Amino acid sequence: MRDVAREAGVSKATVSYVVSGSPLISEKTAAKVRTAMEKLGYSVNHTARALSTARTNAIGVVTSFNEDGCFDLSAGTYLYGISAAARRHGYDTMLLTGADGVETIRSVALSRRVDGIVVLDVRNDDPRIEAVRESGIPAVLLGSPADSQGVDVVDSNFEQAAVSLVGRLRDGGHRSILFIGWPESVYRRNLNYAVRFRASLLEACEAMDVRVDAVYARDVTLGASEVIQRALGDHPDATAMIIHNDAAVVGAPQAFERMGVRVPEDLSVATIVPVQLGEGMQIPFDSVGIDVEAVSFRTVDRLVERIAEPGLPAVVELLEQPLNVKGSVRMLHGD
């Protein structure tokens, strides 16, 4: 560290701050230190750091096996975002999986393998929350359950997203819409993002006097787009469709082309989809874009704050996401 400080023309303390990812150091100075580190072949001895600071400089990501094999296109994006955010703060990440997330949390807390955890796949009635409270391990839920029990929460505002999409169609004169959802097993598992969005969508439709028919995918892979053909066959009078199912969104353009359905001339379509997925796959529909990277980074930022100051009051942060208009909703007024 002294050699790096001498090479970069800074103090040893400054090098230490850069290594630990402290925001107190300017990017210009940090870049100078990193250049010196690379030139001298310096790497951090994480074991020594852990011994000297009584920290592991690692965070755990607690996820669960999907018993039904549900295919989640955005899961990898969340994991990458969390890892990138942790690295920015000087933390490594450890993926923690197990059939029983409760025991996973208790075990990692007792062994002190990580300084804190991010909990994914949050259910509305998630038993892992009680395990977090009992163990006392710093934690943030990436997902908003019915009762967070005083544990920090960061997630997208799925309630606002549902109201925004229904309002978009209602303002266009649509009074009969289709809701394309995840497989029913996702709702039986009580996964928070699915049940929250669906509940808010149904409430918004009732409040805005819009008829909605829900149709659920049978498949859990990219073949989920079959639900679109089935939905339109069962409900030919619908003028619009809202899709909340990543796999169905990706397959929708091909499904409409096979059926000879023109968007928006024959059917208006609006979706909720991760920004990174929507842009990468060039999804052509009006969408509420979930910025997975922003949610992941804010989750880790909050966890680092919680690790540094365990006594902070708990927060529930639901990030509002913008509606991106791409011309897939037809205005029916005057038709």
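**A parallel sheet in a predicted model**

In this predicted model, six strands come together in an open sheet, and their order across the sheet is β2-β1-β3-β4-β5-β11, with parallel pairing. The two edges of the sheet are formed by β2, residues 92-96, and β11, residues 316-319, each of which pairs on one side only. From one strand to its neighbour in this sheet, the turn is 20 degrees on average, with direction ignored.

It helps to recall what pairing involves: strands of a sheet are held to one another through backbone hydrogen bonds, in either a parallel or an antiparallel fashion. A good place to look for this is the pair formed by β4 (residues 139-142) and β5 (residues 152-156), which run parallel and are joined by three bridges. Here L142 can be found opposite V154 of β5.

Stepping back to the whole protein chain, 14 helices and twelve strands are present. The C-alpha trace spans about 75 × 40 × 35 Å along its principal axes. Of the 335 residues in the chain, 49% are buried. Contacts also reach across the sequence: among those between residues at least 6 apart, 70% join residues at least 24 apart.

The outside of the protein chain can be described in a similar way. Its accessible surface comes to about 15700 Å², and carbon and sulfur atoms account for 50% of this area. As for charge, the chain carries 34 positive and 44 negative charges, and the mean positions of these two groups lie 7 Å apart.

Key:
Residues numbered from 1 in each chain as written. Predicted model: local features only at pLDDT ≥ 70, side-chain atom pairs only at ≥ 80, totals over all residues. Heavy atoms only, no water. Pairing = 2+ DSSP bridges. Helix = DSSP H or I, 4+ residues; strand = E, 2+ residues; numbered from the N terminus. Axes fitted to C-alpha atoms, helices over the stretch in contact; angles between N-to-C directions. Buried < 20%, exposed > 50% of the residue type's maximum accessible area, 1.4 Å probe, protein only. Contact = heavy atoms within 4.5 Å. Areas by Shrake-Rupley, 256 points an atom, 1.4 Å probe, with all protein chains shown as cover. Lys, Arg positive; Asp, Glu negative; His and termini not counted. Charge placed at Lys NZ, Arg CZ, Asp CG, Glu CD.
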